[in-house]
Amino acid sequence: MSPHNMTAYFDLETTGDDAGAQITCAAITDGHARTRTWHSGGGAPMSANVGREVAEQLLQASKVVTFNGAAFDLRMLWELTGVDGLRTLALEHHDLMLDFVAYERYYASMQSFATATLGEGKSASGAWAATAWFEGGHEEVLSYCARDTQVLRMLAERAERDGQLLRVTKRGNVSVWHVPGGARTVRS
């Protein structure tokens, strides 16, 4: 995966979302659907050195796309590594969830978009991944994290191409989110 002039679809998994949570693994899928994962060994939290490798890959990308990356993934990676470029990247990247919240004023899951737009969803949940990593399921967690970046790539490309994404509501209805001008950066 050559980092220059590529789009990086990024996700990471953690031990939870509380103040003491640690990163377990990360994945980046590029625009050609090639995926790479990082970790510091099954059952162990990610080391700062491995986290810096992830940060370097992201900072070399021409475009970074996340789903809740501004508030969570990039913040967690910065807390682990202290790489200052991640602070700027948090403002300059494309966060599909943040864009949705800015227009609709409520949260929605990536699963709700994937099911309706792609006809397929994620392979598991973040809550499952938070415990499975330390219970011998690290290969499954790596696959789950990689799958999230692949689903994210498909959603972002569909939003860019069609200017909209479908979403299954909590009531089971399908709604349309008209993505304003494609995904915008967090700063815009």
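These notebook entries record what I looked up in a predicted model, chiefly helix H2 and the cysteines.

**Basis.** I number residues from 1 along each chain as its sequence is written, and side-chain values use heavy atoms, with hydrogens and water left out. Because the model is predicted, local features need pLDDT of at least 70 and side-chain atom pairs count only at pLDDT 80 or more, while totals for chains, interfaces and linings use all residues.

**Confidence.** I checked pLDDT, the predictor's confidence in each residue from 0 to 100. The chain mean is 91, and 94% of the residues reach 70 or more. Among the elements (DSSP runs numbered from the N terminus: helices, H or I, at least four residues; strands, E, at least two), H1 has the highest mean, 98, and H6 (residues 126-132) the lowest, 83.

**Helix H2.** I compared the end-to-end span of H2 (residues 69-81) with that of a straight helix (1.5 Å times one less than the number of residues). The end C-alpha atoms of its 13 residues are only 16 Å apart, short of 18 Å. I located a bend of about 30 degrees at Arg75, taken between axes fitted to the seven residues ending there and the seven starting there. Just after H2, Gly82 has a positive phi of about 70 degrees.

**Burial in H2.** I listed the buried residues (under 20% relative accessible area, 1.4 Å probe, protein chains only); among them are Phe72, Leu74 and Leu77. The buried residues of H2 pack against elements including strand S1 (7-14) and helix H3 (85-92), with contact meaning heavy atoms within 4.5 Å.

**Cysteines.** I searched the whole structure for disulfides (cysteine sulfur pairs within 2.5 Å) and found 0. Cys25 is in none, its nearest cysteine sulfur being that of Cys145, 4.3 Å away, which is too far for a bond. Cys25 counts as buried because its relative accessibility is 0%; Cys145, at 0%, also counts as buried.

Terms used: Buried means under 20% relative accessible area, exposed over 50%, partly exposed in between (1.4 Å probe, protein chains only).
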